[in-house]
Amino acid sequence: MTVAHALDSVTPSAEPSDATDSADLPLNGFRLGVTSHRRSRDLIEALERRGASVLHAPALKIAPVQEDLVLIEDTRTIIEARPDICIATTAYGMRRWCEAADSFGIGEQLLETLAACRMFVRGPKARGAVRAAGLADVGISSDETTATLVDMLLAEGVRGKTVAVQLHGYTDVRQLERLRMSGATVLTVTPYRWVKPDGEDKLPRLIEAVVGGNLDVLTFTSAPAVDAMWSTAHEMGLYRQLIEALKGPVTVAAVGPVTAQPLVDAGLSPLIPDRYRMGALIRLVTEHLSLNHVRRLETKSATIELRGRCLRINGEVVELAPAPLLLLRALLGAGGAVLSREALSDLLDLRGSVHALDMTVSRLRSSLPDPKLVETVVKRGYRLRA
């Protein structure tokens with residue numbers, strides 16, 4: 001399957017197999033944003049197989065290890081220091097650290113150093129990478145957070161000890177400071193650094209799509225990607241609008257609490273799966289959209305279903321322009337209640353234009369099997385009737 005990497009050419013939903021009707025795909029009609037660089041193909045293809053359209057704009061990418069001389073300098077410092085304790089936070093970071101050390105001829109020295117200290121791991125994946133390197137760990141975080149690991153170390157005492165911490169692209173400064181304040185000497189190593197990706201125009205286009213409400217869900221798999229989006233939005237003068245959009249029509253989702261932290265700091269409430277894995281994130285997003293963003297109306301003349309931007313009438317897809325689509329979503333969401341002309345005008349950003357609202361209502365009626373489904377309530381507004 002070909003993955004779209006350009007925002008001006010959105011990849012259509014994956015073609016279903018002959019045995020699967022596209023109407024059965026849980027993300028059919030929904031449009032999702034992907035900001036990841038590493039493993040983005042896996043995420044995009046998984047979403048497309050479920051029927052979604054995807055906008056891909058990598059916020060950051062990982063710098064080639066050959067370019068990261070700072071990593072090697074920090075590694076040599078750790079080898080010379082012979083730390084008492086080492087914290088491994090990510091599997092990818094642990095593997096990359098060992099690979100980088102090997103490429104500079106100090107791999108064996110690094111493994112000897114780590115074998116001589118007490119290894120603590122942030123989660124099962126980091127534990128797997130540590131053990132794959134032939135090392136043993138003595139402790140694991142109960143909730144896959146660095147904060148919990150630091151709690152464990154502080155409980156047993158770190159005064160006078162040297163602690164090496166493998167960072168993961170987003171430095172939790174507070175946890176490092178807690179160790180230092182408790183008397184530890186803290187050395188850090190960052191096996192991967194984030195840099196701006198090629199095609200820097202993609203992220204601004206994704207931000208514009210969010211602000212314009214042309215996206216259902218925006219996903220993040222790394223905290224630095226969130227920071228990169230905030231920075232770009234500030235440069236565009238759209239930061240406030242971006243945050244408001246993510247509080248309202250667009251849902252934001254993060255793979256875990258570390259990734260979610262800068263979202264929470266901005267006042268957002270992201271979806272976070274119980275298990276901090278990409279598969280769990282995909283399942284959570286799918287369930288959220290299926291339960292909260294699918295509207296159905298059974299009428300005498302037809303069954304109307306609205307899934308994201310996909311309108312189906314009696315199972316058949318009906319093309320609808322953005323304004324009538326937004327109007328229909330509002331009327332379906334009202335559940336038969338009357339929506340005032342003023343409220344609908346504001347929703348559609350028509351600035352009180354009576355003619356523009358009447359034209360939008362007319363276009364919506366012409367797309368429905370029975371124009372009378374959109375009922376005019378004199379001197380009040382409009383509603384849907386079954």
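## A three-stranded sheet, two helices and their salt bridges

Three strands form an open sheet in the order 16-18-17, and their pairing is antiparallel. Strand 16 (339–340) and strand 17 (374–377) are the edge strands, each pairing on one side only. The structure is a predicted model.

**The sheet and its helices**

Strand 17 pairs with strand 18 (residues 381–384) through 4 bridges, in the antiparallel sense. Within this pairing, Val-374 has Leu-384 of strand 18 as its bridge partner. Helix 13 (residues 322–333) packs on the sheet and touches strand 16, strand 17 and strand 18. The direction of helix 13 makes about 70 degrees with that of strand 18. Helix 15 (residues 354–367) also packs on the sheet, where it touches strand 17 and strand 18. Its direction makes about 145 degrees with that of strand 17.

The loop between strand 17 and strand 18 holds Lys-379. What is the sign of phi at Lys-379? The value is positive, near 65 degrees, in a residue other than glycine. Most residues other than glycine have a negative phi. Lys-379 counts as exposed because its relative accessibility is 86%, and the cut-off for exposed is over 50%.

**Helix 2**

Helix 2 (residues 69–81) has 13 residues. At 1.5 Å a residue, helix 2 should span 18 Å. Its end C-alpha atoms are 19 Å apart, which agrees.

Which residues of helix 2 are buried? They are Leu-71, Ile-72, Thr-75, Ile-78 and Ile-79. Seen down the axis of helix 2, the buried residues fall within an arc of 120 degrees, so they line one face of the helix. On the other side of helix 2, Glu-73 and Glu-80 are exposed. The cover over the buried residues of helix 2 includes helix 3 (91–103), helix 4 (107–115), strand 7 (162–166) and strand 8 (185–189).

Arg-82 comes just after helix 2. It sits in the loop between helix 2 and strand 4. Its phi is positive, about 50 degrees, although Arg-82 is not a glycine. With a relative accessibility of 46%, Arg-82 counts as partly exposed.

**Helix 6**

Helix 6 (residues 146–156) has buried residues too: Thr-146, Thr-148, Leu-149, Val-150 and Leu-153. What covers them includes strand 4 (85–88), strand 5 (118–121), strand 6 (137–140) and helix 7 (173–181). Gly-157 follows helix 6, and its phi is positive, near 95 degrees.

**Salt bridges**

How many salt bridges does the model contain? The count comes to 8. Three of the pairs are set out here.

| Acidic residue | Basic residue | Closest N to O |
|---|---|---|
| Glu-156 | Arg-118 | 2.6 Å |
| Asp-151 | Arg-178 | 2.5 Å |
| Asp-358 | Arg-341 | 3.0 Å |

Take the salt bridge between Glu-156 and Arg-118. This pair links distant parts of the chain, with Glu-156 in helix 6 and Arg-118 in strand 5, 38 residues apart. Glu-156 is partly exposed, at a relative accessible area of 39%. Arg-118 is partly exposed as well, at 35%.

Next comes the salt bridge between Arg-178 and Asp-151. Here, too, distant parts of the chain are linked: Arg-178 lies in helix 7 and Asp-151 in helix 6, 27 residues apart. Asp-151 has a relative accessibility of 39%, so it counts as partly exposed.

The salt bridge between Asp-358 and Arg-341 concerns helix 15, which also packs on the sheet. Asp-358 lies in helix 15 and Arg-341 in helix 14 (residues 341–347), so the pair ties together parts that are 17 residues apart in sequence. Asp-358 counts as partly exposed, with a relative accessibility of 33%. Arg-341 is also partly exposed, at 27%.

Finally, Arg-127, Arg-131 and Asp-137 are joined into one network by salt bridges that share partners.

Conventions
Residues are numbered from 1 along each chain as its sequence is written. This is a predicted model: local features need pLDDT of at least 70, side-chain atom pairs count only at pLDDT 80 or more; totals for chains, interfaces and linings use all residues. Side-chain values use heavy atoms; hydrogens and water are left out. Buried means under 20% relative accessible area, exposed over 50%, partly exposed in between (1.4 Å probe, protein chains only). Contact means heavy atoms within 4.5 Å. Two strands pair if DSSP finds at least two bridges between them. Axes are lines fitted to C-alpha atoms, for helices over the stretch in contact, and angles run from 0 to 180 degrees between N-to-C directions. The expected span of a helix is 1.5 Å times one less than its number of residues. The arc is that of the directions from the helix axis to the C-beta atoms. A salt bridge is a side-chain nitrogen of Lys or Arg within 4 Å of a carboxyl oxygen of Asp or Glu.
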